[in-house]
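Subject: Structure for you to look at

Hello,

Here is the structure I promised to pass on. Please open it, then read the notes below alongside it.

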Amino acid sequence: CRSSGVGHGNSMTRPTVCRSRCAPGGLLCISSIKLKPTKDRIMRTPHTFIGGIGSFIPELVSVKSAVEQGLSPAENMTEHELEGAAVAGEIPAPEMGLRAARKAIERSGANPEDMGLLLYASSWHQGPLGWLPHTYLQHYLLGGESLAVEVRQGCSGMFAALELGAGYLQSSSGTQDVLLV
């Protein structure tokens, strides 16, 4: 967390507790900071902030190439006026999430060992039968000590994870971070 002046005039305050919270997938790193409340600073999730964002974008190919490879029907490309497509090829979704999460953590300045919770949002099966993608990230990103949970809410999974992560941060007294993937 960096305090470059929060507030207005005499209401400026310094953080009393500052911890980075990370979350990926639309990878978000959430930070918790405790400030004296003022009338002009109203938030739905007080003291909870994004600390870093990471992303991973696979190889980009032209529309022509995507259609020729059978990756998308030509009418979809035309209807949506697409000019290209990102093709992951053999890279599975959890690996893309891992790469994006690493960037988010790096940008936030957080320590992976400080993550108390990893929330992995998904909308479809993510690997071999019985395989759990969130434990893959837990092992290779956080060292396996943090609680890791998959949030299967389809397209709204990241919003659900954000709400759960914010609740966790508010109840954890600012002692651990949250990673959303």
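Glu163 has a relative accessibility of 58%, so it counts as exposed, the cut-off being over 50%. This is a predicted model, so please read what follows in that light. Glu163 sits in helix α5. Its C-alpha atom is 8.8 Å from that of Thr45, although 118 residues separate Glu163 and Thr45 in sequence.

Next, the helix itself. α5 covers residues 157–171, which makes 15 residues. At 1.5 Å a residue it should span 21 Å, and its end C-alpha atoms are indeed 21 Å apart, so the two agree. Which residues of α5 are buried? They are Gly157, Met158, Ala161, Gly165, Ala166 and Leu169. These residues cover an arc of only 165 degrees around the axis, so they lie on the same side of α5. Phe159, Glu163 and Ser171 are exposed on the other side. The general background is that an α-helix has 3.6 residues a turn, so residues three or four places apart point the same way.

α4 is worth a look too. Its buried residues are Pro133, His134, Leu137, Gln138, Leu141 and Leu142. Viewed down the axis of α4, they fall within an arc of 145 degrees, so they line one face of the helix. What do they pack against? The partners are α3, β6, β7 (147–152) and β8 (177–180). Gly143 follows α4, and its phi is positive, near 90 degrees.

Take His134 as a close-up. It belongs to α4. Its relative accessibility is 9%, so it counts as buried, the cut-off being under 20%. Neighbours within four places in sequence aside, His134 is in contact with Leu118, Tyr120, Ala148, Val149 and Glu150.

Now the cores. The largest nonpolar core has 13 residues. Those with the most contacts inside it are Met115, Leu118, Leu137, Leu141, Leu142, Leu179 and Val181. Three elements give two or more residues to this core: α3 (93–108), β6 (115–122) and α4 (133–142). Another core, of eight residues, lies apart from it. Met158, Leu169, Val178 and Leu180 are among its members. Met158 and Leu169 also appear among the buried residues of α5. In general, nonpolar side chains tend to be buried together in soluble globular proteins.

One backbone detail. Glu81 has a phi near 55 degrees, which is positive in a residue other than glycine. Where does Glu81 lie? It is in the loop between α2 (74–79) and β5 (84–87). With a relative accessibility of 68%, Glu81 counts as exposed.

Last, the whole chain. The protein has five helices and eight strands. Their order from the N terminus is β-β-β-β-α-α-β-α-β-α-β-α-β. Of its 181 residues, 36% count as buried. Among contacts with a separation of 6 or more, 63% are between residues 24 or more positions apart. The protein exposes about 10,800 Å², and carbon and sulfur atoms supply 54% of that area.

Best wishes

Methods:
Residues numbered from 1 in each chain as written. Predicted model: local features only at pLDDT ≥ 70, side-chain atom pairs only at ≥ 80, totals over all residues. Heavy atoms only, no water. Helix = DSSP H or I, 4+ residues; strand = E, 2+ residues; numbered from the N terminus. Expected span 1.5 Å × (residues − 1). Buried < 20%, exposed > 50% of the residue type's maximum accessible area, 1.4 Å probe, protein only. Arc of directions from axis to C-beta. Core = buried A, V, L, I, M, F, W, Y, C linked by side-chain atoms within 4.5 Å. Contact = heavy atoms within 4.5 Å. Areas by Shrake-Rupley, 256 points an atom, 1.4 Å probe, with all protein chains shown as cover.
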